[in-house]
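User: I'm new to this one. Can you walk me through its charged pairs?
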Amino acid sequence: QVQLVESGGGLVQAGGSLSLSCAASGSVSRIESMGWSRQAPGKQRELVAQVTNDGDTNYADSVKGRFAISRDYAKNTVYLQMNSLNSEDAGVYYCNVRTRVLLKSMNYWGQGTQVTVSS
């Protein structure tokens, strides 16, 4: 089991910046990747950014060049720096951790944190 505690988010004006953090605890040695997804009202949850144990990163096309994901391996914490925010970035952001033991993988989700972008 992995427990996730998210922080950050809130209200920001369009063009502004916000940062999110997510600390993992529990079976952290099994973590394969950490990342963030988001869900806007009426839309499906989508992957925003992800970082693997090897440090490889993956971003949604819509956030490339504006968002940056980073990870503190010692603290088992993943961060998301969000710049140049626009209305399309608003939604609930969920921290996601994927673990793997041999051939079995599991996904864990944080409770979600709201990001609101005002025009």
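User: Arg66: buried or exposed?
Analyst: Arg66 is buried, with a relative accessible area of 16%. Buried means under 20% relative accessible area, exposed over 50%, and partly exposed in between (1.4 Å probe, protein chains only).
User: Which side chain does Arg66 meet in a salt bridge?
Analyst: That of Asp89, at 2.7 Å from N to O. A salt bridge here is a side-chain nitrogen of Lys or Arg within 4 Å of a carboxyl oxygen of Asp or Glu.
User: And Asp89, buried or exposed?
Analyst: Asp89 counts as buried, at 1% relative accessibility.
User: Which residues are in a network with those two?
Analyst: Arg38 and Glu46 are linked with Arg66 and Asp89 in a network of salt bridges.
User: Before I go on, what kind of model is this?
Analyst: It is a predicted model: local features need pLDDT of at least 70, side-chain atom pairs count only at pLDDT 80 or more, and totals for chains, interfaces and linings use all residues. Residues are numbered from 1 along each chain as its sequence is written, and side-chain values use heavy atoms, leaving out hydrogens and water.
User: How many salt bridges are there in the whole structure?
Analyst: A search finds seven. One of them joins Glu32 and Arg98, with the closest N and O atoms 2.7 Å apart.
User: How exposed is Glu32?
Analyst: Glu32 is partly exposed, at 22% relative accessible area. Arg98 is partly exposed too, at 25%.
User: What does Lys43 pair with?
Analyst: Lys43 forms a salt bridge with Glu88, at 3.6 Å from N to O. Glu88 is exposed, with a relative accessible area of 54%.
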